[in-house]
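Here is a friendly walk through one part of a protein model. Have a look at the sequence and the structure first, then read on.

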Amino acid sequence: MPRRILTGKVSSDRSDRTVTVVVERRFMHPLMKKTVRESKKYAVHDAENRARIGDVVRIRECAPISKSKRWEVLEVAASR
């Protein structure tokens with residue numbers, strides 16, 4: 001099964017080797033026909049501590065690393 005890859009913005013880099021990434025998705029509401037924004041936070045493993053707050057990163061699904069971490073940083077796409 002292929003691993004999902006998402007793009008999001010780092011909202012916290014407080015923990016060691018862990019960043020919090022906010023991934024936003026937009027979709028058309030089926031009844032109101034209006035574009036709706038929905039966001040979700042992911043705890044992401046960052047082995048080299050490369051990502052900083054405000055960076056845009058690509059994350060990839062992986063095997064569970066801890067209770068809440070199931071994603072890893074693939075690349076830091078853009079810095080602040």
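Which residues is Glu72 in contact with, leaving aside its neighbours within four places in sequence?

## Glu72 and its surroundings

This is a predicted model, so please read every value below as computed from it. Glu72 lies in strand E5. Leaving aside neighbours within four places in sequence, Glu72 is in contact with Arg3, Val44, His45, Arg58, Ile59, Arg60 and Cys62.

One of these partners deserves a second look. The side chain of Arg60 makes a polar contact with the side chain of Glu72, at 2.6 Å.

## Strand E5 and its two partners

Strand E5 covers residues 71-78 and pairs in the parallel sense with strand E3, residues 35-45, over two bridges. In those terms, Val44 has Trp71 in E5 as its bridge partner, while the bridge partner of His45 in E5 is Glu72.

E5 also pairs with strand E4, residues 56-61, this time in the antiparallel sense and over six bridges. Here Ile59 stands opposite Val73 in E5. As general background, strands of a sheet pair through backbone hydrogen bonds, either parallel or antiparallel.

## The barrel

How do these pairings fit into the whole? Five strands close into a barrel, in the order E1-E2-E3-E5-E4, and the pairing is mixed. From one strand to the next, the twist averages 45°.

## His45: buried or exposed?

His45 is found in strand E3. With a relative accessible area of 19%, His45 counts as buried, because the cut-off for that label is under 20%.

Not counting neighbours within four places in sequence, His45 is in contact with Arg17, Ile65, Lys69, Trp71, Glu72 and Val73. Trp71, Glu72 and Val73 in this list will be familiar from the bridges of E5.

## The nonpolar core

Which residues make up the largest nonpolar core? There are 11 in all: Val10, Val19, Val21, Val23, Tyr42, Val44, Ala51, Val57, Ile59, Trp71 and Val73. Strand E2 (18-28), E3, E4 and E5 each supply at least two residues of this core. E2 gives the largest share, with three residues.

Val73 links several of these threads. Beyond residues up to four places away in sequence, Val73 touches Val19, Val44, His45, Asp46, Arg50, Arg58 and Ile59. Among them, Val19, Val44 and Ile59 belong to the core together with Val73, and Ile59 is the residue standing opposite Val73 in the pairing of E4 and E5.

Conventions
Residues are numbered from 1 along each chain as its sequence is written. This is a predicted model: local features need pLDDT of at least 70, side-chain atom pairs count only at pLDDT 80 or more; totals for chains, interfaces and linings use all residues. Side-chain values use heavy atoms; hydrogens and water are left out. Two strands pair if DSSP finds at least two bridges between them. Helices (H or I, at least four residues) and strands (E, at least two) are DSSP runs, numbered from the N terminus. Axes are lines fitted to C-alpha atoms, for helices over the stretch in contact, and angles run from 0 to 180 degrees between N-to-C directions. A polar contact is a pair of N or O atoms within 3.5 Å; within protein, one must be able to donate a hydrogen and the other to accept it, and residues adjacent in sequence count only if both atoms are side-chain atoms. Contact means heavy atoms within 4.5 Å. Buried means under 20% relative accessible area, exposed over 50%, partly exposed in between (1.4 Å probe, protein chains only). A nonpolar core is a set of buried Ala, Val, Leu, Ile, Met, Phe, Trp, Tyr and Cys residues joined through side-chain atoms within 4.5 Å.
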